[in-house]
Structures are given as structure tokens and as C-alpha cells.
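Colleague: I would like a close look at one part of this model. Please take the helix packing, and then place it in its wider setting.

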Amino acid sequence: MDMEKQSRFRRSLHDPDEFSLTFELVPGRSGRGKAYDRILTLARQFAEDGRLQAVSITENAGGHPALSPEVLGGEIQNMGLDVIIHLSCKDKNRNQMESLLYAWDRADLNDLLVISGDYPQEGYRGDPKPVFDLGSVQVLDLLGGMNQPLVGNGAIPLPPTSFLKGVAVSPFKRLEAEQMMQYYKLARKAAAGADYVITQVGYDARKFHELLLFMRQQGINLPVLGNVFIPNLPVVEIMHRGGIPGCVLPDHLYAEMKRESESEDRGKRARLRRGAKLLAVLKGLGYAGAHLGGPGITHGDFDFLVNESGRMEADWREFLPELDYWFADGFHYYEKDEISGLNLSEPMSRTQGKAPSVAYRVANIVHEAAFVPTGPLYEPMRKGCLALADSALRPALTNIEHLLKFIAFRCRNCGDCALAELAFLCPQSGCAKNLLNGPCGGSRDGWCEVYPGKRRCLYVRVYERLKRVGRDQEMGCGFVPPRNWALNETSSWLNFFLGRDHTGFRR
Ligand code: SF4
């Protein structure tokens, strides 16, 4: 894209003299009403103010149906303010997603934030069918293809798009397994073409620093915007009890906010001042910018936040001891620097843990023997499966495979098996969003966002299994393509040997 055609937000990301500021707007469950008057008034004030590079617009936030982001996006863009559209993986399959992307391309809404999305919540007459056809890493791959000139369906060249691909990451995961999987997935996102990163909501300076240090050490050179979220009191309550997926508000911060709420303004000024300190610290740490947000935030609040932070900037290190809002038992990747309160560049030592489980060992032995070309059973298995390919016994092969794998892995008979890539845990039955390249941001204390306290996040279990055999780093590289639905309820063994499944492109 020509430099002059690039959005101001895009240019600011790579300008070392700019600290990008963006603000999150949340459309609701209607197409009209006073809420939109307020949103558009705020956007107009931001456009006139000039200190904000862009507003971002959420898509069905919290999993609830809401006005599509491109509607407000178009209106706000016409005011002269850049817009980032959230593209979530829920609610639409790959074709609908591509069609939507052409619409956004045509409307010049090119700056995106690609996220897994919150699990769909109740809608018209009950819960909707969850559609997680692609995960965020696969969407990045799709967008990368669309951005390439002369790449299209078959022989027909399509005009290239010019999407900017933002992604999210949380440095605020309490357990080692959750945190490491967030970082490993970020590495996959970077390899799949992410252009910039926005963090999840949290308030701990050392954890914000950890993310930058980790990215630097892993050679992930992407601009990062730290999240500065100013909650109101009802949202403080919801966040504290874990009601907003991925947002973290530990007990001592909650207690502090409760105390502040006894003041005349119900603690609003104190929450804004905390946000201003965080803003100053993010700038001091080397973040490329900050993503601001919060319910009911006015232009006056924004003005206070930015001015106050500007006054604090030079002394940002003084606020580090205050912004210590992490769990006493929470995971840190690095050793603490006792002088600054941040991190040393030395990672903490992580124990390898228990011996691998019997289930993992048995599955791995079978896989290596029958599905790795050097394995002793590979040729007999291949020949046996191919012999049945065109015979009347083919359905029997599918049924036997499904029965065995249902007992062993709760297999869903997808025909495009990714067990070997995920420590022999089935993403179709084990992950509520059927993700294939790493976790969403919604897990909490190791539990799945969708089944808190009942089902552990699949990727926590994947990490634990792989770490025991010293292979957890494998989750930080590679790419599992989306499941091919043409293979649904067919034999994945046969599809593997015929080169029809997702591993086919590697062989
Ligand atoms: S299993 Fe993990 S990755 Fe899958 S939906 Fe639940 S929290 Fe997200």
C-alpha cells in the first residue's frame, strides 16, 4: 500500500517518535438509539482532538449479538478518524469470513484485529450454534493469501487486499501452562504474518515487561500496544469474578478499588489516575502504544488520562512498585529484578514435571510405529488401508477407526486427524472452540472459558503432556491448517495415506 494511502494508525506503529493511542468502542444489541449517539459524539470529539490514532470496534463482544462493526466503522471513518475492525473467528465459517473481508476491503476498512472471539451466548430463542471454522492463526494465513497479488482460487488472479493484521495476547495468565501457551501461540501468529499486537487487560507492570522481553528474546519484532482499561464499578465486580473472558483483576486490586469507591466520585478519578500511571509505564517500558477503553469513558476522561500520564512520563519508574497487581502464586517467566521490580533477562528454571502419562506414551508408540514412514507398521498399515480404499469394506474401516479412537480420545470422526500435533488430545471434542494452533485468551486458572471449574483448557493439558517429554516448544512453531469438512465422517487413516488430510501438503 502507498505510504500516503496508509492509515495514520498504520504509519504510527512503525514510527519510533509516535506512541500510538487507540480506543475501543463496543456496539450493542440494536441498530439505533442514544447509545450510538454517544459513541458517535465521542468519535467526533476524538477526530477533532487529534491525539488518538484510531478507534477499534468490537464484533459481538462477550459473545452477544450486536451491531456489525463495519457500520459504525464506515460512519467514523467518514469523520476522518482511523478505524480498526475486530475480526473474530466465531459466528461465521471461512467462506462467510472471506465474503465479509471483501466487503470491508471495498469499504476501505483495512485495519483489523484478529481474535478467536468469546464463546457465543444466548440469542434468538436460545443458544446459537457455535461456528469456529477457522482459528486466528488460520485467519492470518487467509489474510496473508488475500494480501498477495495474483493469488486466488485456482487460475484466476484476484485483486490483492491490503489488510493490516493485528492480534491479541495475554501476559496475564496465572498458570505456567496457560502463559506459555499464550506465548507459543503468539510465535505462531507472528510466523503467520501478524503485523502488530494488543495485550489483554491486566494491571501488573512486571507482566507487561515480561511480554516485551520474551518477544525480544524470541525475535518477535512486532509493535505492541498495552491495554489500559478503565472499568466502572459494575464491570469491576464482573471482572473480579472472572466474568469477562481473559480480563484479570486480582483480589488486592479489587479491594483497593472497593475502598476508592467510597469517595464522592465513586472512585472514578482514582481509576483514571491508575490508568494514567499504567500509560506512563507502558511508554517507559518501550511499548509502541496503548489501547484504551472502558465503559462510560468520556472525552473529558480521555483528556485527563493523557494529560496526567504526560505529567508522569519522566518519573515512570516511580510507579512500578504501585503497579504490582499480580497473584502471589501467579506465574512469572523471568527472575525478578529486585532493584527495578521488573524482570531480569534470565528465565526462571521450570521443572520438567512428572513422567509422561501412560495414555500419551501408548498413543505416541502407536503413532510412531504406524504413521511415521520409518515405523515398522507404516508399510503394512498403508497397504492395508489403501487396499480397502475402493472396496465395500471402506465404511467398516471408518467405523472401526472411529470406535477405537472414540474410546481412546473421544474422537469426533472428523476425518482430518490432528491428534499427533496436539499431544494426542482431540481438539474436536476437547476444545469448545475447536482450535488447532493454540489456545484462545479466555481460559482462567487453567479452566476452559466455556466450562469454568468443570473442564480444563485443552491447551493446558497439551502443554503439560509435551513438557514432560521436553517437547513443549514445538507448540511455538508450525501451522495446522483448518479442518477439511469434505473429510467429515471418513477414515482419517485412509485420508492420511492418500495424502488428502492436512498433513498431505508436507509429504
Ligand atoms: S479449551 Fe482452551 S482454547 Fe479451547 S475454548 Fe476452552 S479455553 Fe479456549
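At roughly what angle do the axes of H10 and helix H11 cross, and within what distance do they come?

Modeller: Keep in mind that this is a predicted model. Start with the pair you named. The axes of H10 and helix H11 (residues 299–312) cross at roughly 50 degrees and come within 8 Å. An angle between 35 and 65 degrees is neither roughly parallel nor roughly perpendicular, so H10 is oblique to H11. The crossing is right-handed.

Now the residues. On the H10 side, the contact uses Leu272, Arg273, Gly275, Ala276, Lys277, Leu279 and Ala280. H11 answers with Asp301, Phe304, Leu305, Glu308, Ser309 and Met312. By class, this contact holds seven nonpolar, two polar and four charged residues. Arg273 and Lys277 of H10 are among the charged ones. Asp301 and Glu308 of H11 are charged too.

H10 also packs against another helix. Helix H7 (residues 205–217) and helix H10 (residues 268–285) have axes that come within 11 Å and cross at roughly 30 degrees. Angles under 35 degrees count as roughly parallel, so H7 is roughly parallel to H10. This crossing is right-handed as well. From H7 come Ala205, Phe208, His209 and Leu212. They meet Val281, Leu282 and Leu285 in H10. The contact of H7 with H10 has six nonpolar residues, one polar and no charged. The polar one is His209.

Put the two contacts of H10 side by side. Towards H11, H10 offers residues from Leu272 to Ala280. Towards H7, H10 offers Val281, Leu282 and Leu285. The contact with H11 includes four charged residues, whereas the contact with H7 has none.

Next, the wider setting. The protein is divided into domain 1 (3–346) and domain 2 (358–437 + 479–506). H10, at residues 268–285, falls in the span of domain 1. The centres of the two domains, taken over C-alpha atoms, are 37 Å apart. Domain 1 puts 13 residues into the contact, and domain 2 puts in nine. On the domain 1 side, helix H5 (136–147) and helix H6 (176–191) each give two or more residues. H5 gives the most there, with three residues. That side of domain 1 has five nonpolar, three polar and five charged residues.

H6 has a further partner. H6 and helix H16 (residues 458–468) pack with their axes 9 Å apart, at an angle of about 95 degrees. The two helices are therefore roughly perpendicular to each other. Ala177, Glu178, Met180 and Met181 of H6 make the contact with Tyr459, Val460, Tyr463 and Glu464 of H16. Six of these residues are nonpolar, none is polar and two are charged.

Last, the ligand. There are 14 residues around the ligand, and Cys431, Pro439, Cys440, Cys448 and Cys457 come nearest. The shell has ten nonpolar, two polar and two charged residues.

Technical notes:
Residues numbered from 1 in each chain as written. Predicted model: local features only at pLDDT ≥ 70, side-chain atom pairs only at ≥ 80, totals over all residues. Near = placed C-beta within 6 Å. Axes fitted to C-alpha atoms, helices over the stretch in contact; angles between N-to-C directions. Helix = DSSP H or I, 4+ residues; strand = E, 2+ residues; numbered from the N terminus. Parallel < 35°, antiparallel > 145°, perpendicular 65-115°, else oblique. Left-handed = near helix turned anticlockwise from the far one by under 90°. Contact = placed C-beta atoms within 7 Å. Domains from an automatic or database assignment.
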